[in-house]
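Hi there,

Here is the structure I promised to pass on to you. Have a look at it first, and my notes follow just below.

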Amino acid sequence: MDEKDLLLLQLLEENSRVSVNELAVMTEIPAMDIESRIAALEDARVIRKYSAVIDWERAGNGEVWAIIELKVNPERDFGYDRIAERISKFKQVRSLRLITGTYDFQLLVTGKNMQEVARFVSEHIAPMDRIRETATHIIMKNYKENGNILCGHEGTERIPYSF
Amino acid sequence: MRNFISKSAEAIPPSGIRKFFDLALTMDDVISLGVGEPDFTTPWNVCEAGIYSIEQGTTSYTSNRGLQELRNSLSEYLKSHYGLHYDADREMIITSGVSEALDIAIRAVIDPGDEALVTEPIYVSYAPCVSLAGGVPVPVPCHEKDHFRLTPDALMEKVSKKSKVLILNFPNNPTGAVMKRDDLKAIADIVIDHDLLVISDEVYAELTYEGSHVAPATIDGLWERTITLNGFSKAYAMTGWRIGYLCAPEPVCDAALKIHQYVMLCAPVMGQIAANSAIRNGEAEKNKMVTEYRVRRNLFVHDLNRIGLPCHVPEGAFYAFPSVKPTGLSDFEFAEQLLKEERVAVVPGSVFGEAARDHLRCAYAVSRKDLKEAVIRIERFMSNLRK
């Protein structure tokens with residue numbers, strides 16, 4: 001396994017349908033060697049299989065949203081702030097609020113499916129220090145979010161010419 | 001009313017591609033290969049450090065030289081990556097991008113009438129900065145047959161008694177050319193013989209694909225007569241943060257610092273904090289970006305040659321620099337017609353000096369998907385030309 005193999009693996013992982021000739025150009029390896037390298041990687045079971053990454057949401061499997069409520073032991077000197085900072089760093093956590101009432105925190109969490117949300121809560125949120133209790137509410141229908149519905153697109157605007 | 005505009009400002013030629021710029025802004029679906037910046041966004045850990053600094057209320061001036069922590073990190077980094085030795089306290093200034101570093105470097109050493117030898121093709125700001133300092137820019141052409149490297153012969157032809165400074169920019173914008181150690185040694189002999197100072201803009205150093213970058217200041221006899229400029233924009237996709245740095249022997253650094261303290265005071269503090277995070281934790285993401293640029297370069301340059309735009313393999317930066325000679329069009333004609341007919345933006349070479357005539361600068365800091373589409377459009381444009 002050398003640097004070229006690693007590059008080959010990265011490129012295949014990104015798009016396993018790319019042609020041998022194109023791989024040859026991209027990696028600066030002759031096309032014949034590409035074939036033998038791939039064969040060797042398959043034999044060594046480094047390449048396990050070629051599969052597609054499916055956006056199941058787009059395919060009809062809607063994203064799952066859940067409200068998670070947490071009881072939290074506040075920290076001397078910091079109160080709720082440090083633990084809130086930690087929780088807010090998870091990309092699954094869309095919003096995080098300190099609230100009055102039975103629970104301290106209210107999180108809005110998303111996942112591909114219920115299992116993913118459940119796993120996220122049980123593996124990442126619940127075991128954190130200072131979390132005493134969790135309550136998970138799966139959202140049945142989302143009407144409005146922050147004044148608007150999920151819209152816009154990612155990506156940066158660049159000016160067309162710069163030197 | 002008098003004409004209040006200074007002669008020196010009036011003498012700066014207007015941007016050569018203003019009309020392209022305006023035209024592109026009116027068009028939809030333009031694929032721009034005309035950019036001089038990465039298409040990646042700044043790695044998140046770097047952004048996070050900048051954001052955190054603002055949250056913490058770190059929003060004030062720093063020392064003129066820049067944050068001590070950043071200078072310490074840079075001093076170590078330059079040593080471990082390039083074998084460059086600069087003292088963090090005495091031989092380094094953090095600047096607002098390499099643009100500022102270049103300006104204060106030139107003003108620190110150029111007196112009216114001094115000649116500055118500037119390799120060509122070259123980034124657009126060097127000659128105007130020299131002129132604004134009262135100096136005289138003298139182009140030294142680099143040729144396609146030499147893969148746009150600076151050769152001793154070309155330099156010897158232009159060096160004179162008035163020459164004081166040689167400005168280098170390798171890896172080069174716009175050609176992607178790289179100078180190897182032997183190339184630099186040959187240049188160093190002339191530099192030393194003629195008692196010149198080198199200003200070396202190495203902002204593309206991290207984007208060196210064959211072998212590793214050789215900093216001119218690591219050549220015997222050059223450290224004491226070199227100002228090394230570098231920054232975070234290209235390697236870490238941080239163009240908007242405006243953080244660069246200038247490294248030089250103490251007397252030169254002190255002179256540049258005097259100018260820096262009055263024109264800039266200091267570089268933005270949140271940018272400096274983000275830059276420190278980039279240098280300490282950004283290596284993996286940077287390497288990923290460099291690998292991706294190299295893959296794109298291979299694809300794009302291969303395609304350019306295939307469709308009839310001869311192009312050497314650029315060994316650094318993220319620009320391909322094909323020739324349009326076979327098409328019979330000038331670089332300006334090609335770039336304008338290509339934009340109008342196929343909505344692909346490229347920069348005509350002439351913008352980068354006479355030696356760049358008949359070439360195009362095409363940035364491949366664009367997704368592979370867009371690069372492929374750009375090639376399809378350029379190929380269609382060229383086949384329409386032949387009709």
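Let me begin with chain B, where the C-alpha centres of domain 1 and domain 2 lie 25 Å apart. Please keep in mind as you read that this is a predicted model.

The domain assignment gives domain 1 of chain B in two pieces, 7-42 and 284-386, while domain 2 of chain B covers 44-281. Where they meet, 33 residues of domain 1 of chain B are in contact with 35 residues of domain 2 of chain B. On the domain 1 side of that meeting, helix 11 (283-306) and strand 9 (319-320) of chain B are the elements that give two or more residues. Helix 11 of chain B provides the largest share of this side, with six residues. If you are curious about the chemistry, the side of domain 1 of chain B that touches domain 2 of chain B holds 17 nonpolar residues, along with nine polar and seven charged ones.

Helix 11 turns up again where the two chains meet. Here 21 residues of chain B are in contact with 10 residues of chain A. Two elements of chain B, helix 2 (18-25) and helix 11, each supply at least two residues of the side that touches chain A. Helix 11 of chain B gives the most to this side, five residues. By class, the side of chain B that touches chain A has 13 nonpolar residues, seven polar and one charged.

Now to chain A itself. Its secondary structure comes to five helices and four strands, and from the N terminus on the order of the elements is α-α-α-β-α-β-β-α-β. Chain A has 163 residues, and buried residues make up 12% of them. As for how its contacts spread along the sequence, take those in chain A between residues at least 6 apart: 55% of these join residues at least 24 apart.

A word on confidence before you set anything up. Chain A averages a pLDDT of 85, and 85% of the residues score at least 70. The stretch to look at with care is residues 147-152 of chain A, where the pLDDT is below 50. Beyond near neighbours in sequence, that stretch has two contacts in the model.

Happy to talk any of this through whenever it suits you.

Best wishes

Notes. Residues numbered from 1 in each chain as written. Chains lettered and ligands numbered in written order. Predicted model: local features only at pLDDT ≥ 70, side-chain atom pairs only at ≥ 80, totals over all residues. Domains from an automatic or database assignment. Contact = placed C-beta atoms within 7 Å. Nonpolar A, V, L, I, M, F, W, Y, C, P; charged D, E, K, R; others polar. pLDDT = per-residue confidence, 0-100. Buried ≥ 20, exposed ≤ 12 C-beta atoms within 10 Å, placed from the backbone.
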